[in-house]
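Hello,

Here is the structure I promised to pass on. Please have a look, then read the notes below it.

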Amino acid sequence: MVFQVLTKTAASITELKRDPMGTFNAGEGAPVAILNRNEPAFYCVPPALYAHLMDLLEDAELARMVDERAGEPTVRVNIDDL
């Protein structure tokens with residue numbers, strides 16, 4: 001079976017167990033694919049990149065909500081009244 005590895009760096013679960021931070025640092029700030037029997041099991045993602053991905057997901061959800069509400073009546077609001 002063929003699997004797509006979406007990173008430049010990959011390591012086995014054994015390597016991760018042996019040296020977790022060394023495996024993480026091998027990615028040099030990019031995700032590291034963790035392989036189980038030569039098949040991607042999960043990705044080790046740096047915190048800053050994870051936060052960025054969460055922001056992108058939130059933006060996509062907000063855009064979906066805007067699209068859902070397109071065409072609905074609007075209400076004028078004065079900011080000073082709030």
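**After the helix, and back to the sheet**

Just after helix H3, Gly-71 takes a positive phi of about 90°. Keep in mind that this is a predicted model. H3 itself covers residues 47-69. Its 23 residues should span 33 Å at 1.5 Å a residue, and the end C-alpha atoms are 33 Å apart, so the two figures agree.

Next, the sheet. It is open, has 3 strands and runs in the order S1-S2-S3, with mixed pairing. S1 and S3 stand at the edges with a single partner strand each, so one side of each has no neighbour in the sheet. From one strand to the next, the twist averages 35°.

How do the strands pair? In general, strands of a sheet pair through backbone hydrogen bonds, either parallel or antiparallel. Both senses occur here:

- S1 (residues 9-12) pairs with S2 in the parallel sense, over 4 bridges. Ser-12 stands opposite Leu-35 in S2.
- S2 pairs with S3 (residues 39-44) in the antiparallel sense, over 5 bridges. Ala-33 has Tyr-43 in S3 as its bridge partner. Ile-34 stands opposite Phe-42 in S3.

Is S2 mostly covered or mostly open? Mostly covered: S2 spans residues 32-36, and 4 of its 5 residues are buried.

Now the turn. S2 and S3 form a hairpin with 2 residues between them. Arg-37 is found in this loop, and so is Asn-38. Neither is a glycine, yet Arg-37 has a positive phi of about 55° and Asn-38 one of about 60°. Are these two residues buried or exposed? The cut-off for exposed is over 50% relative accessible area. Arg-37 has 78% relative accessibility, so it counts as exposed. Asn-38 has 69%, so Asn-38 counts as exposed too.

Last, the core. Which residues make up the largest nonpolar core? There are 5: Ala-11, Leu-16, Val-32, Ile-34 and Cys-44. Cys-44 is a good place to start looking. Leaving out residues up to four places away in sequence, Cys-44 touches Phe-24, Ala-30, Pro-31, Val-32 and Ile-34. Val-32 and Ile-34 therefore appear twice, as members of the core and as contacts of Cys-44.

For a quick tour, begin at Gly-71 after H3. Then go to the hairpin of S2 and S3. Finish at Cys-44 in the core.

Best wishes

Terms used:
Residues are numbered from 1 along each chain as its sequence is written. This is a predicted model: local features need pLDDT of at least 70, side-chain atom pairs count only at pLDDT 80 or more; totals for chains, interfaces and linings use all residues. Side-chain values use heavy atoms; hydrogens and water are left out. A nonpolar core is a set of buried Ala, Val, Leu, Ile, Met, Phe, Trp, Tyr and Cys residues joined through side-chain atoms within 4.5 Å. Buried means under 20% relative accessible area, exposed over 50%, partly exposed in between (1.4 Å probe, protein chains only). Contact means heavy atoms within 4.5 Å. Two strands pair if DSSP finds at least two bridges between them. Axes are lines fitted to C-alpha atoms, for helices over the stretch in contact, and angles run from 0 to 180 degrees between N-to-C directions. The expected span of a helix is 1.5 Å times one less than its number of residues.
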